[in-house]
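Biologist: Could you pick one spot in this model and take me through it closely, then work outwards to its surroundings? I'd like one connected account, not a list.

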Amino acid sequence: MSIVDVIVVNWNDVDNLLCALDSVFALPELRDATFATVTVSDNGSMDDSLHRVRERYDGRVAIVENGRNLGFGAGVNRALARTRSPYVFLLNPDATVESGVLRALVDFMDAHPRCALAGPKIYEADGRIAESCGEFDTWVGAFLRSSAWGGWRPFKRFANGAALRRWNYTTERRVDLLIGAALMMRRCVIEALGAFDERFFMYHEEVDLAKRVSDAGYEAWFVPTAVATHVGQGSSGGRGVEAYKLRSRRKYWVKHHGPLWYYSLSAALVARYLLYGAFAGGGALLIRRLIAR
């Protein structure tokens, strides 16, 4: 049994997929054939992804054929059922890893037994550091993020993730959640919690998992000595991304905060438009009166 199972969920993203896999096989830790196994969980790709993976890697990559697009979480779950290493590293097909990333994350998690999730420093394609960590929503934070008010100076410090935006991503840090583009997981914890909730087709599935990890008393950590790069929206191609995000966010809010929390938030977001209308109407009335004078 290897130490790490690397899992890449793919859907019609062959060129990015090959770059991701090349970066994994270039890792010095993979010179030890027992360190990691690599699995592609393919969600019914219609391009030549599977043919080119088999041709290029000659049996070094296990392939799970799901037959249709099950979504990210379900794709991971199918691969989890076929693997058994104590650590699982999730890598998006539109992401690549830098030298030593797996070793750094494994060493950190070995030294921190309560750590169930660990994420590397992630760079955008243009070299900017990605905001790869997040905070769990509060009602106020969710309202400010979902409205334009979170960008207003008086409210910025109350908005979701405000503390993280003042951080430079250079130090190890315990965080609430990490994005799933490049993420190490402790298998025994993940399996005990039930892996990914497949009701989240795309987006927020890793937030849901991180919340369950936290509720169970385990930790998520950012580890800057491990490094990856993420292009973003490789498989989705940007089509309907915001709609998926909104739908998954609603599911998450109802699941973890309850209907009252969600519907009161929705009502407050609607009410702000009524407030805008009242101000606009009052302003128009004042202008008319001034002109009439």
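Modeller: Let's start with S49, which, leaving out residues up to four places away in sequence, touches N10, N12, D13, V14, L17 and D42. Bear in mind that this is a predicted model. S49 belongs to helix α2, and with a relative accessible area of 0% this serine counts as buried.

One of those neighbours, N12, deserves a stop. N12 sits in the loop between β1 and α1. Its relative accessibility is 29%, so N12 counts as partly exposed, whereas S49, which it touches, is buried. The backbone of N12 is worth a look as well: phi is near 55°, a positive value in a residue that isn't glycine. For background, most residues other than glycine have a negative phi.

Now widen the view to the whole of α2, residues 49-57. The buried residues there are S49, L50, V53 and Y57. They span an arc of only 95° around the axis, and that is why they end up on the same side of α2. The general helix geometry helps here: an α-helix has 3.6 residues a turn, so residues three or four places apart point the same way. What lies over that buried set? The cover includes β1 (4-10), α1 (14-25), β2 (36-42) and β3 (61-65). Just past the end of α2 comes D58, with a positive phi of about 50°.

Of that cover, α1 is the piece to follow next. The axes of α1 and α2 come within 10 Å and cross at roughly 30°. Angles under 35 degrees count as roughly parallel, and therefore α1 and α2 are roughly parallel to each other. The crossing is right-handed. On the α1 side, V14, D15, L17, L18, L21, D22 and F25 do the touching, and they meet S49, R52, V53, R56 and Y57 of α2. Sorted by class, this contact holds seven nonpolar residues, one polar and four charged. S49 shows up again in that list, and so do V53 and Y57, both of which are among the buried residues of α2.

For a comparison, go to another helix pair further along the chain. The axes of α8 (residues 205-215) and α9 (residues 241-257) also come within 10 Å, and they cross at roughly 15°. That makes α8 and α9 roughly parallel to each other too, and their crossing is right-handed. From α8 the contact takes V207, D208, K211 and R212, and from α9 it takes Y252, K255 and H256. Its residues divide into two nonpolar, one polar and four charged.

Look at how covered α8 is: nine of its 11 residues are buried. They are E205, E206, V207, D208, L209, A210, K211, R212 and V213. So the α8 residues that touch α9, namely V207, D208, K211 and R212, appear in the buried set because each falls under 20% relative accessible area. The helix has a positive phi at either side of it, too. Ahead of α8, in the loop that joins α7 (187-193) to it, you'll find H204. Phi of H204 is near 70°, a positive value in a residue other than glycine, and at 13% relative accessibility H204 counts as buried. After α8 comes G217, where phi is positive and near 95°.

For contrast with all that buried material, try E131, in the loop between β6 (115-124) and β7 (133-134). At 55% relative accessibility, E131 counts as exposed. Leaving out residues up to four places away in sequence, E131 touches R165 and Y169. E131 and N168 are 37 residues apart in sequence, with 9.5 Å between their C-alpha atoms.

Stepping back to the whole chain, the secondary structure comes to 10 helices and 11 strands. Of the 293 residues, 49% count as buried, S49 among them. Of the contacts between residues at least 6 apart in sequence, 79% join residues at least 24 apart.

Note on methods:
Residues are numbered from 1 along each chain as its sequence is written. This is a predicted model: local features need pLDDT of at least 70, side-chain atom pairs count only at pLDDT 80 or more; totals for chains, interfaces and linings use all residues. Side-chain values use heavy atoms; hydrogens and water are left out. Axes are lines fitted to C-alpha atoms, for helices over the stretch in contact, and angles run from 0 to 180 degrees between N-to-C directions. Helices (H or I, at least four residues) and strands (E, at least two) are DSSP runs, numbered from the N terminus. Angles under 35 degrees count as roughly parallel, over 145 as roughly antiparallel, 65 to 115 as roughly perpendicular and the rest as oblique. A crossing is left-handed if the near helix is turned anticlockwise from the far one by less than a right angle, and right-handed if clockwise. Contact means heavy atoms within 4.5 Å. Ala, Val, Leu, Ile, Met, Phe, Trp, Tyr, Cys and Pro count as nonpolar, Asp, Glu, Lys and Arg as charged, and the others, Gly among them, as polar. Buried means under 20% relative accessible area, exposed over 50%, partly exposed in between (1.4 Å probe, protein chains only). The arc is that of the directions from the helix axis to the C-beta atoms.
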